[in-house]
Amino acid sequence: MATPLSHDTSHSALRTVAVVGLGTMGTGIVEVLARAGRTVVGIDISEAAAVRAVAAVEAATSRAVARDRLTGPERTDLLARISTSTELRAAADADLVIEVAPESYEIKQQIFRELDAVVRPDTVLATGTNALSVTRLAAESSRPERVLGLHFFNPAPAMRLVEVVSSVLTSPDAVTAVTRLALDLGKEPVAVGDRPGFVADGLLFGYLNQAAAMYEAKYASREDIDAAMRLGCGLPMGPLALLDLIGVDTARTVLEAMYAESHDRLHAPAPILGQLSAAGLTGRKSGRGFYTYEASGSATVVRDALTPLSGGGPVAGRAVHSVGVAGSGTMASGIAEVFAKAGHEVVLAARSAEKAQAAKARIGASLARSVDRGRLTAEAAAQVLDRITPTGSYDAFAEVDLAVEAVAEDLDVKRQLFGTLDKVCRPGAVLATTTSSLPVIACARATSRPQDVIGLHFFNPAPAMKLVEVVRTVLTSDETHATARGVCAGIKKHAVDCGDRAGFIVNALLFPYLNNAVKMVQEHYASLDDIDAAMRLGGGYPMGPFELLDVVGLDVSLAIERVLHREFRDPGLAPAPLLEHLVAAGCLGRKTGRGFREYARR
């Protein structure tokens, strides 16, 4: 039975905090605590590390004064609250000790055993691990009820998320005291149970691992994988660049711990992580990982043997002046608007003249909003609209240079349309599908010219989203590919190359991450709100996974999950039963007023 904490470990008394381990994370935590008025003892076996830590806090607070975020006297008082030592006995008077030593049971257990002999009986001991078992560390302590996890995110002064990790042995009073401290530090604490990776890293590292495996399989270049996730999902950094920042060896350690518990193949570290680690290519800290950097510790990427050459490829593309867009929905009208804005004559064809006119009217409304916001003149908007010719017949595609299909995500419908385009479009015209989940080759084989067929996966809303995934089949010609790349450059989109397999780049990395978030809720590990907060605040995601699922539509998400599972046959990609149940119940997200959350009907 856990012993209640004495009054001394209440919120008001967690005034003196020792931080053991003064690397980047430990130094950041020292700064955060001192800024919040705590007396801080920084402890590291290396005196040089202690000196570097103090210098880093001095530099950071000096910058804060220069930016008027701190006054000179406040800085002086803050620095006076910090002391350092190379001995653990310096933690004797601490109310809380936060350990951020290397991710090793042996090292951390040794620290906890020594702390047991040094600190007061009522002191709370927190580990900063994100990969090791808090329960196992607590069990080695003589005070397991006072041991918990306190996982800050890097850089600690800037990142608002803190995961407060309880083991089955942790006293609720200890959790309450540390949670209150986190709030006092200006952080957003999320309460989680003890399993490797917790919430944020538990979702993040599976995604990073899949990106590493995608690169290792030579499915796409490192630059294209990173650009796809930045531009397609609004992430602050691509996955391979993020692995270099975290440390390839650190990522492998976290994944090993996750796999040991889950036995999920998605958590089994991609072999390339082990190869890079063994070679000492651990990322920014070593000067080379997935990318090459200017120097060890530098964030500046420099050209290496894998850096793509600038300029066009060896094969020239065809000239594209006129474009046909097939469809009348949001995606079709958005793509037509993009091409018309870039100066192309556009034929917008739908199943009826009325639907085509309605799609053009939607484009007109979009252009009017751009005029209202000062992004376009009324004259320019009128010229764009004049370039679009709506029609109820695909016969109008007879002279287009490029035909773009944006109809329903149904393979039979698309194949039938490609058969029609094959008959209507002139020889040499490029035929493109905007599918996000269906095989491009199936569309190509519905024609007599599969060499002219390619995937151009635009993202919604097409006028705003910069990314286009250019999807080659095994039959696509170099000339068709070069034409597609040239078209993307002409409409000011960022093209990334990938092969014709389920999910392409973005969906193949995004939807397993979303599915894993659903599994966390299904297993009652964490709440919707805590998971969404963890990924926004800890991962820099513009939306939490459940916010995003409700926007995308649970039915759409389930369909993509099923396609991924069917293609790759990995049990870890099987759709979460909770997702299937919600779809079966008609809870599809915002469009039905209820998904993972409820929404007011419009």
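Helices, as the word is used here, are DSSP runs of H or I with at least four residues, while strands are E runs of at least two, and both are numbered from the N terminus. With those terms in hand, D570 can be placed in the loop between helix 21 (554-568) and helix 22 (577-584). The structure is a predicted model, and the description below moves from its sheet to a residue within that sheet, then to an enclosed helix, and finally back to D570.

**The sheet**

An open sheet is formed by eight strands, arranged in the order 3-2-1-4-5-6-7-8 with mixed pairing. Its edges are strand 3 (82-85) and strand 8 (188-193), each of which pairs on one side only. On average, and with direction ignored, neighbouring strands of this sheet are turned by 25° against each other. Helix 4 (residues 105-116) packs on the sheet, where it touches strand 1, strand 4 (96-99), strand 5 (124-127) and strand 6 (147-152), and the direction of helix 4 makes about 170° with that of strand 5. Within the sheet, strand 1 (residues 16-20) and strand 2 (residues 39-43) run parallel and are joined by five bridges, and A18 stands opposite V41 in strand 2.

**L148 in strand 6**

Strand 6 also holds L148, which counts as buried because its relative accessibility is 0%, and buried means under 20%. Leaving aside neighbours within four places in sequence, L148 is in contact with ten residues named here in full: V124, L125, A126, T127, V134, V165, T170, A174, V175 and V178. L148 and L78 are 70 residues apart in sequence, and their C-alpha atoms are 27 Å apart in space.

**Helix 9 and its surroundings**

Six of the eight residues of helix 9 (residues 239-246) are buried, so this helix is largely enclosed by the rest of the structure. The buried residues are P239, L240, A241, L242, L243 and D244. What covers them includes helix 7 (200-216), helix 8 (222-233), helix 10 (248-262), helix 11 (271-278) and strand 9 (292-293). After helix 9 comes G247, which has a positive phi, near 110°.

**Two buried residues side by side**

The table sets L148 beside D570, the loop residue introduced at the start.

| Residue | Location | Relative accessible area |
|---|---|---|
| L148 | strand 6 | 0% |
| D570 | loop between helix 21 and helix 22 | 8% |

D570 is buried, then, with a relative accessible area of 8%. Not counting residues up to four places away in sequence, D570 touches R265, L266 and H565.

Terms used
Residues numbered from 1 in each chain as written. Predicted model: local features only at pLDDT ≥ 70, side-chain atom pairs only at ≥ 80, totals over all residues. Heavy atoms only, no water. Pairing = 2+ DSSP bridges. Axes fitted to C-alpha atoms, helices over the stretch in contact; angles between N-to-C directions. Contact = heavy atoms within 4.5 Å. Buried < 20%, exposed > 50% of the residue type's maximum accessible area, 1.4 Å probe, protein only.
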